[in-house]
Amino acid sequence: MRLDIITLFPNMLSSFFEESILKRAQNKQLVDVHFHDLHDYSQNSYGSVDDYAYGGGAGMVIGIEPVALCIDDLKKERAYDEIIYTAPDGEMLTQSTSNRLSMMQNIMILCGHYKGIDERIREHFITMELSIGDYVLTGGELAAAVISDSVIRLIPGVLSDETSALSDSFQNNLISPPVYTRPVEFRGWRVPDVLLSGNHAKIDQWRYDRSVERTQQRRPHLLDLE
Ligand code: ADE
């Protein structure tokens with residue numbers, strides 16, 4: 001997968017991609033991440049990319065020209081499966097969206113900004129708008145990092161034990177069951193006996209029951225999904 005991220009703050013994002021599983025995914029050449037600083041596409045000598053809002057009001061707005069030039073440049077090189085804009089009023093990111101995105105070849109993410117961007121960008125360039133929750137961040141960089149992380153770890157080969165992505169919470173619309181490791185007893189708190197029984201049919205049943213129980217308690221709406 002190739003991932004192009006357009007941002008006003010590339011430094012905010014770059015270190016995030018230099019660690020752990022995301023780093024390994026790039027080293028294995030399963031994902032190729034590129035950052036594009038919107039300031040590089042500024043149309044004036046100050047290097048600014050925002051301007052006053054038509055109609056007045058407080059706050060500046062990111063203009064359409066630098067964004068259009070940047071997106072056009074990238075689209076000249078390859079076709080994009082999705083051009084995503086991060087915004088609190090976008091569609092809520094879910095595991096099934098991440099699954100779908102993880103199978104794509106080329107994805108572009110335009111980080112939103114608290115100042116807002118010219119609406120024509122959203123109308124004419126963006127194919128998908130994603131939110132990571134009903135709260136407002138100062139910019140879309142954290143949202144882009146969250147989306148990228150949840151997608152990249154699902155690309156086949158990224159996780160060393162491929163089944164571990166399949167048993168994640170939210171795959172199959174169920175929350176994962178509790179897990180335990182040694183010691184078997186700590187301050188009198190014991191690991192459930194069934195997990196020590198060696199009976200795999202019973203263990204699978206116990207894990208499934210705990211998943212359903214947790215989902216009912218914590219995310220009941222997931223049980224109504226297809
Ligand atoms: N930008 C600001 N807040 C956001 C959110 N909750 N999700 C995605 N992008 C955002």
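Here a visitor asks a guide about the cavities, strands and ligand of a predicted model.

Visitor: How many cavities of 30 Å³ or more does a search of the whole structure find?

Guide: The search finds 2. About 60 Å³ of space lies in the largest cavity, and about 40 Å³ in the second largest.

Visitor: Why is each of these called a cavity?

Guide: The word is used because a 1.4 Å probe fits there but cannot get out. Both spaces came out of that search.

Visitor: What makes I6 a lining residue of the largest cavity?

Guide: A lining residue has an atom within 4 Å of a cavity point. I6 is listed in the lining, along with T7, L8, L38, I62, L110, C111, G112, H113 and I117, so I6 has such an atom.

Visitor: How are the residues of that lining divided by class?

Guide: There are 7 nonpolar, 3 polar and no charged residues in the lining of the largest cavity. G112 is in this lining, and Gly counts as polar, so G112 is one of the polar residues.

Visitor: Which residues line the second largest cavity?

Guide: M1, L3, I84, I107, I109, I147, S148, V151 and I152 do. Helix α6 (141-152) and strand β6 (106-110) each supply at least two of them, and α6 gives the most, with 4 residues. By class, this lining has 8 nonpolar, 1 polar and no charged residues.

Visitor: How do you know that β5 and β6 pair?

Guide: Pairing needs at least two bridges. Strand β5 (residues 82-92) is joined to β6 by 4 bridges, so the two pair, and they run parallel. In β6, I109 is the bridge partner of I84; both residues also line the second largest cavity.

Visitor: What about β5 and β7?

Guide: β5 and strand β7 (residues 128-131) have 5 bridges, also in the parallel sense. There, M92 stands opposite S131 in β7.

Visitor: What makes the ligand's approach to I132 a polar contact?

Guide: A polar contact is a pair of N or O atoms within 3.5 Å. A nitrogen atom of the ligand is 3.0 Å from a polar backbone atom of I132, so this pair qualifies. The distance is also 3.0 Å from a ligand nitrogen to a polar backbone atom of G133, and likewise for L137. The protein covers 96% of the 260 Å² of accessible area that the ligand has on its own.

Visitor: Which strand gives the most to the shell around the ligand?

Guide: β5 does, with 3 residues, and β7 supplies at least two. The shell has 8 nonpolar, 4 polar and no charged residues.

Notes
Residues numbered from 1 in each chain as written. Predicted model: local features only at pLDDT ≥ 70, side-chain atom pairs only at ≥ 80, totals over all residues. Heavy atoms only, no water. 1 Å grid on protein atoms, 1.4 Å probe; cavity = no way out; pocket = protein on both sides within 12 Å on 5 of 7 lines; lining within 4 Å. Points joined across faces, edges and corners; volume = space filled by probe spheres on them. Polar contact = N/O pair within 3.5 Å; in protein donor to acceptor, adjacent residues only side chain to side chain. Areas by Shrake-Rupley, 256 points an atom, 1.4 Å probe, with all protein chains shown as cover.
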